[in-house]
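Thanks for sharing this one; I have gone through it and collected my remarks as numbered points. I hope they help you find your way around while you have the model open.

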Amino acid sequence: MRGASRWDVRQGAGRRKKTLSWKKTLPWKRVLQVLVSLSLLTGLVVSTPWLMSWLNQPIARVEVHAGFEYLSREQVEKLLHTHLQERFFALDLSRIQQVLMEMPWVKGASVRRHWPDSIQVSLEEQQPVARWGSNYLISNEGEVFAPDDITAFAAMPVLDGPDEMAVEVMQQYLAISQLLRPMGLKLTKLKRSNSGSWRFTVGHVEVNIGRDRGNGKATAFCPALSCQAGVSLESGKARGFALFERCFGCLG
């Protein structure tokens, strides 16, 4: 028994040596890193719903930048309200921009997010310079648009022609207006027919120009008009109009 006890003691000592050796060889630094990583990962998984809710907040503020010369602020805000029910990251900015561009008075629109809970809307309004036919307006770039009510623009000149020629008609209108301005005259009507002929009105004078003479720039209507316009600038509106009548008398 005494010999067996010595054997057990030796065996126990051997196990203790092995245990101490195992403890010494264990990569404690690596184990600690793994434990910390697992703790962080667990915390992240547990807190993800709360974190996403905090990051993805409902829209609380909307900034609208526009001239509001023709647009109604209330109309824009009402339109936006129906599309701002989603949270910050779920907003469909392209769809909101498309809806804004469908407004007749909107020429350009941009929509941006500003975290955590706001969006910024910038609108560029159409600038009408004339009526187009009976029911539309046209911008100085020849863009035709259709507001609900154009009665407030009844005093504007009337341009007309095929819709696909709107840009050309506007360019011709601006060119003729520039020639007439020094004489104190204004063009009130301008129409391009499907065949390419032009008809325009200044005061009580209506001028019809065939397709061949109407091609090219406005000065093609009457070359003398542009060179004599400077003279009539000092002569007043009456002489300017007389010049206009002489100029186009042979064309009417």
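Which residue in S5 does tryptophan 132 stand opposite? In this predicted model, the residue facing tryptophan 132 is tyrosine 136 of S5. The points below start from that pair and work outwards.

1. **Tryptophan 132 and its two partners.** Tyrosine 136 in S5 is one partner of tryptophan 132. Tryptophan 132 also has a bridge partner in S7, namely leucine 159. You can follow both strand pairings from here: S4 and S5 are antiparallel, with four bridges, while S4 and S7 are parallel, with two bridges.

2. **Strand S4 and its hairpin.** Strand S4 covers residues 128-132, and four of its five residues are buried. Its proline 128 is set opposite serine 139 in S5. Three residues separate S4 from S5 in their hairpin, and in that turn glycine 133 has a positive phi of about 65°.

3. **The next hairpin.** S5 goes on to pair with S6, again in the antiparallel sense, over two bridges. Leucine 137 has phenylalanine 145 in S6 as its bridge partner. Here the hairpin has four residues between the strands, and glycine 142 takes a positive phi near 80°. If you are checking backbone angles, please look at both glycines, glycine 133 and glycine 142.

4. **The seven-stranded sheet as a whole.** These strands belong to an open sheet of seven, ordered S6-S5-S4-S7-S8-S9-S10, and the pairing is mixed. Strand S6 (144-145) and strand S10 (205-209) are at the edges; each has a single partner strand, so one side of each lacks a neighbour in the sheet. Further along, S7 and S8 are parallel and share three bridges, and aspartate 160 stands opposite lysine 191 in S8.

5. **Helix H5 on that sheet.** H5 lies across S4, S5, S6, S7, S8 and S9. Its direction is at about 145° to that of S8. It is a good helix to keep in view for the pocket described in point 7.

6. **The three-stranded sheet.** Another open sheet has three strands in the order S1-S3-S2, with mixed pairing. Its edge strands are strand S1 (61-65) and strand S2 (106-114), each pairing on one side only. Neighbouring strands here are turned by 15° against each other on average, direction ignored. Helix H3 (residues 73-81) packs on this sheet, where it touches S1 and S3, and its direction makes about 140° with that of S1. Helix H4 (residues 93-101) lies across S2 and S3, at about 155° to S2. S2 and strand S3 (residues 118-125) run antiparallel and are joined by eight bridges; within that pairing, arginine 113 has isoleucine 119 in S3 as its bridge partner.

7. **The largest pocket.** The space in the largest pocket is about 210 Å³. Its lining includes Tyr173, Leu174, Ser177 and Arg181, along with Met156, Pro157 and Leu187. Helix H5 (166-180) and strand S8 (187-192) each supply at least two lining residues, and H5 gives the largest share, three residues. By type, the lining divides into seven nonpolar, two polar and two charged residues.

8. **The second largest pocket.** This pocket holds about 160 Å³ of space. Strand S7 (158-160), S8 and strand S9 (198-202) each supply at least two of its lining residues. What kinds of residues make up the lining of the second largest pocket? There are three nonpolar, one polar and five charged residues. Among the lining residues are Asp160 and Lys191, and you may recall these two from point 4, where aspartate 160 stands opposite lysine 191. Arg199 and Glu206 are also in the lining.

9. **The chain overall.** To put these details in context, the protein chain has eight helices and ten strands. Of its 252 residues, 33% count as buried. Among contacts between residues at least 6 apart in sequence, 52% join residues at least 24 apart.

Conventions: Residues are numbered from 1 along each chain as its sequence is written. This is a predicted model: local features need pLDDT of at least 70, side-chain atom pairs count only at pLDDT 80 or more; totals for chains, interfaces and linings use all residues. Side-chain values use heavy atoms; hydrogens and water are left out. Two strands pair if DSSP finds at least two bridges between them. Axes are lines fitted to C-alpha atoms, for helices over the stretch in contact, and angles run from 0 to 180 degrees between N-to-C directions. Contact means heavy atoms within 4.5 Å. On a 1 Å grid over the protein atoms alone, a cavity is a set of points where a 1.4 Å probe fits but cannot get out, and a pocket is an open set with protein on both sides within 12 Å along at least five of seven lines; lining residues have an atom within 4 Å of a point. Grid points are joined across faces, edges and corners, and a volume is the space filled by probe spheres set on the points. Ala, Val, Leu, Ile, Met, Phe, Trp, Tyr, Cys and Pro count as nonpolar, Asp, Glu, Lys and Arg as charged, and the others, Gly among them, as polar. Buried means under 20% relative accessible area, exposed over 50%, partly exposed in between (1.4 Å probe, protein chains only).
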